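Here are my notes for you on this one. Have a look at the picture before reading on.

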Amino acid sequence: MFQIYCPYCEELREEEEFHPKGQAHIVRPANPEACSDEEWGDYLFFRDNPRGIHHELWVHAVGCRKFFNVTRHTVSYAILETYKIGEQPSVTAEPAVSESTTSTDDVRQGVRA
Amino acid sequence: MQRYSGFGLVKHALSHHEHWERQWRNPTPKKQYDVIIVGGGGHGLATAYYLAKEHGITNVAVVEKGWLGGGNTARNTTIVRSNYLWDEAAALYEHSMKLWEGLSQDINYNVMFSQRGVLNLGHTLQDMRDIQRRVNANRLNGIDSEVLDADGVQKIVPILDCSKRARYPVMGASWQPRAGVARHDAVAWGYARAADALGVDLLQNTEVTGFKIRDGQVYGVHTNRGDIEAKTIGCVTAGNSGVLAKMAGFRLPLESHPLQALVSEPLKPILDTVVMSNHVHGYISQSDKGDLVIGAGIDGYNGYGQRGSFPTVEHTLQAIVEMFPIFSRVRMNRQWGGIVDTCPDACPILSKTPVKGLFFNCGWGTGGFKATPGSGHVFAASLAKGEMHPIAAPFSIDRFHSGALVDEHGAAGVAH
Amino acid sequence: MSESALSRVNLFDSRADHASVAVESPLAYSWQRSGAPAPSAASRVVLREQTFLGHLILRGGAIVLDEALREVLDIGLPGRPNTLSWDVSGERSIQWLSPDEWLLIVPGGEAFAVERRLRERLADASFAIVDVSGGQTLLTLEGEAVPELLMKSVVYDVDPSHFPVGKGVNTVFAKATVIVRRSGETRWELVVRRSFADYCYRWLLDAGEEYAIGVER
């Protein structure tokens with residue numbers, strides 16, 4: 001059960017007034033016609049699914065009806081901050097350190113499903 | 001492996017059941033295997049079993065970070081059905097259904113598969129049109145399925161509120177008589193025991209922390225119990241698939257959501273089938289023990305917490321009471337959440353990946369349990385041959401770039 | 001001013017009674033179907049529908065709308081979220097709904113003139129005014145048990161210490177949504193949509209039974 005601080009209403013409100021809308025900060029390609037299938041598929045379907053800090057888009061559906069962003073931990077469910085559309089998060093996940101013990105000969109960059 | 005039978009039960013009774021042998025070994029990891037399966041849930045264990053049984057590949061390790069069948073296998077609502085709309089999905093789930101029908105005999109373990117039938121209710125004209133379309137598609141695919149009107153539904157479930165006074169009156173349903181429920185733990189345990197008997201090493205408390213990849217080819221995993229090598233690795237880790245894919249350096253089009261379910265106090269037998277409603281948004285069956293097993297949709301946000309929100313529970317129970325006013329005073333005993341990895345098209349991913357030798361079986365969303373045998377069967381064939389089995393082929397990751405989605409949101413609906 | 005600005009919108013008086021057509025409030029059906037228990041000395045909540053008021057949704061920048069509203073109705077736009085203010089007579093109110101959206105409620109019959117004057121005053125500014133008078137209705141709830149009644153009905157914290165006079169929020173009411181406002185020590189208001197009106201009314205009668213809810217008509 002969340003209590004979410006709506007940055008527009010400037011107070012904590014019950015979860016029932018909100019709807020989650022998926023990952024935040026997704027930028028639509030400026031020129032869809034020029035996209036490869038790869039780029040367009042990535043834009044449509046591929047989302048971050050971290051076990052940890054996640055930036056999400058929520059809407060205060062029964063309230064001010066504004067969209068805003070939530071930084072939330074997907075395991076503890078703790079809401080770390082909420083901020084308006086157009087703003088950048090102040091809380092972010094650790095920059096991708098060696099998140100696995102994969103050895104240096106591993107091919108890890110630049111591979112996309 | 002000691003075979004289970006009625007005679008064996010009597011024999012062991014004479015020694016007060018003190019001499020049953022362990023169902024599976026607890027081996028130490030070898031340095032090298034032919035195949036590693038990451039994830040010891042139902043799908044992973046089934047994959048290992050069919051690898052050994054159908055393809056003679058017995059030098060297999062199942063690597064599980066917790067205990068066998070301790071994830072979604074232990075947390076689902078055990079519904080088994082195959083009435084999916086599209087040919088690709090229908091083939092996959094019907095393949096699974098056929099395996100369910102012989103499963104207890106095959107693995108010498110009573111998985112308590114009970115073909116008590118599943119009803120998908122329709123409450124609007126559009127629901128009924130969708131149901132008719134789906135039933136017709138099912139029949140063309142050789143799946144038993146029929147359309148019932150409200151009277152037909154009432155005959156099967158006398159306690160369902162089919163009156164015109166209901167807020168969402170029942171107009172009819174699709175009915176799959178061969179569908180039903182199975183005992184979720186028994187499925188994992190049965191596959192584990194059968195796989196172990198064929199020589200598969202089941203490594204519990206072994207967490208994969210990274211992949212060993214050279215020149216785009218996988219050759220092993222790092223675990224908390226040391227490195228284990230294999231040229232073929234299958235990941236079957238449901239909600240955690242995205243995390244594993246990240247370790248291997250690519251992304252999956254998955255989002256992990258909490259999916260909740262609840263069970264009531266045990267009641268006398270009152271509901272002998274499974275009732276699902278996409279529209280009112282809830283589904284219910286009664287277990288052999290007598291509890292009502294209830295579920296509904298996912299919580300809308302991403303979460304790995306194996307718990308969900310109270311409003312979702314409330315919504316689910318409102319739906320159930322709406323359909324079954326008789327249950328309005330039943331008390332709920334337990335509530336829990338699983339982590340479901342949902343795909344944009346509500347169909348799974350059974351696929352090769354950009355890393356050679358690394359295969360993923362994931363994205364089953366809210367409905368993986370029903371597919372356990374079929375998923376394991378076709379995934380094992382794919383791992384053994386290095387090429388995706390024809391039934392699995394349409395579920396490649398490539399479809400999210402080619403656009404060849406298999407949109408099963410309608411059939412997946414509330415409970416999938 | 002600006003004939004040009006006015007001529008861009010099709011402004012007309014939407015009140016049916018001006019055209020001598022019988023009007024029905026959103027609760028007309030409920031009166032017939034569910035009745036209206038008369039208030040008694042035991043009533044700790046009294047409900048009344050304020051029928052046929054003018055409801056206008058104003059959208060635009062806070063500064064231009066504030067100036068226009070001061071000039072036309074002598075009310076300042078509430079600057080803080082979830083607040084509302086009244087004019088001196090207490091008959092006209094303006095409520096914050098969202099950073100660029102306010103609800104103006106005026107006595108019945110005034111909406112058309114107010115809208116016209118606001119449009120004239122706002123001229124070429126970027127704004128929108130929509131007359132939603134037919135789409136919603138205002139219920140007043142009066143009595144010391146109103147907070148208790150609302151606590152059973154809405155998810156928002158309506159404890160009087162958290163909900164001072166002059167506050168107003170859009171929130172979940174049972175399975176519907178309403179705007180809850182507090183206009184006096186023991187006086188609260190609900191702005192209810194027409195399609196939810198019967199549901200909300202019956203919910204209030206049911207939830208208010210223990211407070212001997214009475215309905216003034």
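**Notes on chain C**

1. Let's start with what sits over helix 3 of chain C: its buried residues are covered by elements including strand 2, strand 4 (93-98), strand 5 and helix 4 of chain C. Contact here means heavy atoms within 4.5 Å. Helices (H or I, at least four residues) and strands (E, at least two) are DSSP runs, numbered from the N terminus.

2. A word on the source: this is a predicted model, where local features need pLDDT of at least 70, side-chain atom pairs count only at pLDDT 80 or more, and totals for chains, interfaces and linings use all residues. Residues are numbered from 1 along each chain as its sequence is written, chains are lettered from A and ligands numbered from 1 in the order in which they are written, and side-chain values use heavy atoms, with hydrogens and water left out.

3. Which residues of helix 3 of chain C are buried (under 20% relative accessible area, 1.4 Å probe, protein chains only)? They are C:L65, C:D66, C:A68, C:L69, C:V72 and C:L73. Just after this helix, C:D74 has a positive phi of about 60°.

4. Now the sheet: chain C has an open one of 5 strands, in the order 3-4-5-2-6, with antiparallel pairing (two strands pair if DSSP finds at least two bridges between them). Strand 3 (84-86) and strand 6 (127-131) of chain C are at the edges with a single partner strand each, so one side of each has no neighbour in the sheet.

5. Strand 2 (residues 54-60) and strand 6 of chain C run antiparallel, joined by 5 bridges. Across this pair, C:R59 stands opposite C:A128.

Note on methods: Buried < 20%, exposed > 50% of the residue type's maximum accessible area, 1.4 Å probe, protein only.
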